[in-house]
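Please open the model in your viewer and keep the selection panel at hand for the stops below.

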Amino acid sequence: MDAKTAQLLDGKALAEQIYTQLQQQIQQMQPTVGRAPGLAVLMVGDNPASAAYVQNKERACAKVGIASYGQHFPTETSFSELEKVIQALNQDDRVDGILVQLPLPDHLDAVALLHQINPDKDADGLHPLNLGRLVRSEPGLRSCTPAGVMRLLQEYKIDVKGKQAVVVGRSILVGKPLAMMLLEADATVTIAHSRSHDLPTITRNADILVAAVGRPGLITAEMVKPGAVVIDVGINRVTNDAGKSRLVGDVDFDSVQRVAQFITPVPGGVGAMTVAMLLQNTVWSYSQRQ
Ligand SMILES: Nc1nc(=O)c2c([nH]1)NC[C@@H]1CN(c3ccc(C(=O)N[C@@H](CCC(=O)O)C(=O)O)cc3)C=[N+]21
């Protein structure tokens, strides 16, 4: 019963450390700025998962001393109405970060809306200017989930330089920006996706394997190189036979932990880091603003 298992990359613990640091940073800066940092979170519709994430974000803001200006809009809210709200927040001096919770209802063009956010208040790092800055390795606001993955690797002194990194998933929220960050850190990066031929051969080549697809159990032990670092970005709510629901990632945790050297849990891994990076981005914008 003492089979070797991977070491956990504890995103929850690291996020707590980051909150303590941010809280101190805010306390130091606040007298000169004359106000607390502010984060505006816009949510449209009533997706229960989104509501839960937004609640996590607001709770974290309260913990570190960021004022959160949450706004909740009905599903049928028009594009132009949201555009006006974003423009007002762009002008609002109390607001350092603006976030539009995704996904949006189908009638709203999310990309066009993200373009409206002042890039210097783009706490999510999803504005094309910030994505461009990332590609060029220029300073700027970085996407939260990929930044959280990189911070976790750094914390556990996992050197990615020269290593084979495989990112499964090519979303603009995670896969693409994370591949860029790994490249910036001198990894040899492969992006695999739903059209990739022979996924197991690709993933078995990975020293660092990231799953960011949104398919429970996609990555099984046979797909993992022994001793690899496995990062699970998936957050899937599944219901078991007894009708109980729980969160699982894209990685078959029980089998993969016997093969990997390091693994992130779900929950308590990357998700917790995403929120920490959102707050860090907000505090960074705040520090640039004084
Ligand atoms: N504009 C935008 N930016 C986002 O960053 C964004 C988004 N839209 N839409 C949805 C995804 C998902 N997301 C998560 C946030 C927090 C947790 C989180 O707090 N997870 C904890 C707790 C999970 C729980 O138990 O509820 C954990 O994994 O330990 C997870 C996932 C942000 N996203």
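The tour goes from the whole chain to the ligand and the residues around it.

This is a predicted model, in which local features need pLDDT of at least 70 and side-chain atom pairs count only at pLDDT 80 or more, while totals for chains, interfaces and linings use all residues. Residues are numbered from 1 along each chain as its sequence is written.

Begin by colouring the chain by pLDDT, the predictor's confidence in each residue from 0 to 100; the chain averages 97, and 99% of the residues score at least 70. The model scores ipTM 0.90 and pTM 0.96.

Next, switch to a cartoon view, where the chain shows 10 helices and 11 strands, taken as DSSP runs (helices H or I, at least four residues; strands E, at least two) and numbered from the N terminus. The C-alpha trace spans about 55 × 40 × 40 Å along its principal axes.

Now select the ligand together with the residues near it, meaning those whose C-beta atom, placed from the backbone, lies within 6 Å. This shell holds 19 residues, and the closest are Tyr53, Asn56, Leu102, Pro267 and Gly271. The elements that give two or more residues to the shell are α2 (48–64), β4 (97–100) and α10 (270–289), and α10 gives the most, with four residues.

Finally, colour domain 1 (34–121) and domain 2 (143–271) separately: both give residues to the shell around the ligand, so the ligand lies between them. These bounds come from an automatic or database domain assignment.
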